[in-house]
Amino acid sequence: MNTPSPHDPAALPRIRLKSDRAPGHPWVWSAQVYKPEQRLPPGSVVEVLDSKDRFVGRGFWNGHARIALRLLTNDPTETIDAAWIARRITRAVQLRRELLQLDRASDAWRVVHSEGDGLSGLVVDRYADILVIEYFAAGMWKFREAIHAALLEHFPGARLYWFAESHVQKQESFDCRSPEPPAPVQVHEHALAFHAAPGLGHKTGFFADQRENRRRFAEFARGRRVLDLCCNSGGFAVHAMAAGAREATGVDMDAGILEIARANAAANGLTVDFQQADIFDWLREAAARGERYDAVILDPAKLTRDRNKMFDALKKYFAMNRLALDVIPPGGLLLTCSCTGLVAEADFLEMLRRVALNAGREIQVLQVTGAGADHPVRADVPEGRYLKAVFCRVE
């Protein structure tokens, strides 16, 4: 007698929604569902029905998490198994390689962007021959062997490094044991070389989501004096100098990441003055000395994950952008960024309006962009568009 697969639709546990309407979003909160009578392990594949017992879809259940359901498909003919995972990963890789032609520009790009690629709870980044796999959901962690095998089909011989943030493991109730971090590697972006070191405490030391924004900013910065605030590994400053900026200064609090930034400049035969400092103190002192920079990039780290602290995050964005204006002369450029996903684009632009009003300056918004096309956003998951990059001219 054949034992049915736990992923066989006929054998799947069923979860009922409290509404007779489809959720309209792949995330379903615990308050929106009836709890199942039997206890299901976190990350179980389940069949989802509406309150009238009509089929809604299939996905991951986690009764311990804020996101109780992660819907993966609404196709009744699809089974969520290793083959399904492999097909989704193939689709994601084909998008990057065939349509976006990313291998022409870089060997550092996002391979899988969670909901944007229909793989809720999974992010994969490529850095040359290293694949960094980040798990956000117990269901994806359960499929890790299938995920790793599928990735190696497309990147033969790649070194795999996987992890999950401790708060995610706690929320989702799974235990992710990471391997030893791989040796650092050199990656390339638009013919420039950068250092990536997955697992060494600075994420990777390189953020591929700003790839096209770095290139665009560099085009604007030719012949200008550049200031790269919250510079991380110096990507914007290095691109600007390579494109013909007059000079560049980078400021960051993290001494370790600044060593990587200096190595990145040296690897490209460029000179950038990287300084360790708090940007608030640094900007006040620079303004007091009468320093002026006619192309400024402000790219701070994520300010909050807590919806209740969004107002505080916007106050901090206001303060840092207001100080940045004090070192930008009339006709100068500002690229100001937010990777805080909870801060909406409209709220970020409203913050800039208030900065201009407070400073008595005119801010012309030239362009609003986000992450590169290797970070696709599903139309029904606006949260996936976390990065806001606003190119401005300041009068």
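The following dialogue explains how to read several features of the predicted model shown above.

Q: Which elements of secondary structure does the chain have, and how many?

A: The model is predicted, and its chain has ten helices and 18 strands.

Q: What does the radius of gyration say about the chain?

A: The general idea is to set the value of the chain beside the value of a compact globule with the same number of residues. For 395 residues such a globule would have a radius of gyration near 21 Å; the chain has 23 Å, which agrees. The spans along the principal axes add to this picture: the C-alpha trace extends over about 80 × 45 × 35 Å.

Q: What share of the residues counts as buried, and what does the chain expose?

A: A residue counts as buried when its relative accessible area is under 20%. In this chain 54% of the 395 residues meet that condition. The chain exposes about 17,800 Å², and 50% of this area is supplied by carbon and sulfur atoms.

Q: What share of the contacts joins residues that are at least 24 apart in sequence?

A: Among contacts between residues at least 6 apart in sequence, 61% join residues at least 24 apart.

Q: How many charged side chains are there, and where do the centres of the two sets lie?

A: There are 51 positive and 50 negative side chains in the chain. The centre of the positive set and the centre of the negative set lie 3 Å apart.

Q: How is a pair of aromatic rings described?

A: Two values serve to describe such a pair: the distance between the ring centres and the angle between the ring planes. The structure holds eleven aromatic pairs. In the pair of Trp 27 and Trp 29, the ring centres are 6.2 Å apart and the planes stand at 75°, so the pair is edge-to-face. An angle over 60 degrees is what that term requires.

Q: Are Trp 27 and Trp 29 buried or partly exposed?

A: Trp 27 has 18% relative accessibility and therefore counts as buried. Trp 29, at 38%, counts as partly exposed.

Q: Which residues form an aromatic cluster?

A: One aromatic cluster is formed by Tyr 135, Trp 141 and Phe 174.

Q: Where is Glu 189, and is it buried or exposed?

A: Glu 189 belongs to strand β10, which covers residues 185–189. Its relative accessibility is 0%, so Glu 189 counts as buried. Beyond residues up to four places away in sequence, Glu 189 touches Ala 105, Ser 106, Phe 194, Phe 206, Arg 211, Arg 214 and His 239.

Q: How far apart are Glu 189 and Arg 211 in sequence and in space?

A: The two residues are 22 residues apart in sequence, and their C-alpha atoms are 7.4 Å apart in space. Arg 211 lies in helix α5, residues 211–220, and is buried with a relative accessible area of 1%. Apart from neighbours within four places in sequence, the contacts of Arg 211 include Glu 189, His 190 and Asp 374. Arg 211 and Arg 262 are 51 residues apart along the chain, with 19 Å between their C-alpha atoms.

Q: Which residues other than glycine have a positive phi, and where are they found?

A: Among them is Asp 53, whose phi is about 65°. Asp 53 is found in the loop between β3 (44–49) and β4 (55–61), and it is partly exposed, with a relative accessible area of 47%. Another case is Ala 128, with a phi near 55°. Ala 128 sits in the loop between β7 (122–127) and β8 (130–135), and at 17% relative accessibility Ala 128 counts as buried.

Q: What does Ala 237 touch, and where does it lie?

A: Ala 237 lies in helix α6, residues 235–243, and counts as buried at 0% relative accessibility. Not counting residues up to four places away in sequence, Ala 237 touches Asp 228, Ala 248 and Val 272. Ala 237 and Val 296 are 59 residues apart in sequence, and their C-alpha atoms are 9.7 Å apart.

Q: Where is Arg 322 found, and what is it in contact with?

A: Arg 322 is found in helix α9, residues 310–325. Leaving aside neighbours within four places in sequence, Arg 322 is in contact with Val 355, Asn 358 and Ala 359. The C-alpha atoms of Arg 322 and Lys 18 are separated by 47 Å, and these residues are 304 residues apart along the chain.

Methods:
Residues numbered from 1 in each chain as written. Predicted model: local features only at pLDDT ≥ 70, side-chain atom pairs only at ≥ 80, totals over all residues. Heavy atoms only, no water. Helix = DSSP H or I, 4+ residues; strand = E, 2+ residues; numbered from the N terminus. Rg over C-alpha atoms; globule rule 2.2 N^0.38 Å. Buried < 20%, exposed > 50% of the residue type's maximum accessible area, 1.4 Å probe, protein only. Contact = heavy atoms within 4.5 Å. Areas by Shrake-Rupley, 256 points an atom, 1.4 Å probe, with all protein chains shown as cover. Lys, Arg positive; Asp, Glu negative; His and termini not counted. Charge placed at Lys NZ, Arg CZ, Asp CG, Glu CD. Phe/Tyr/Trp six-rings, centres within 6.5 Å; stacked < 30°, edge-to-face > 60°.
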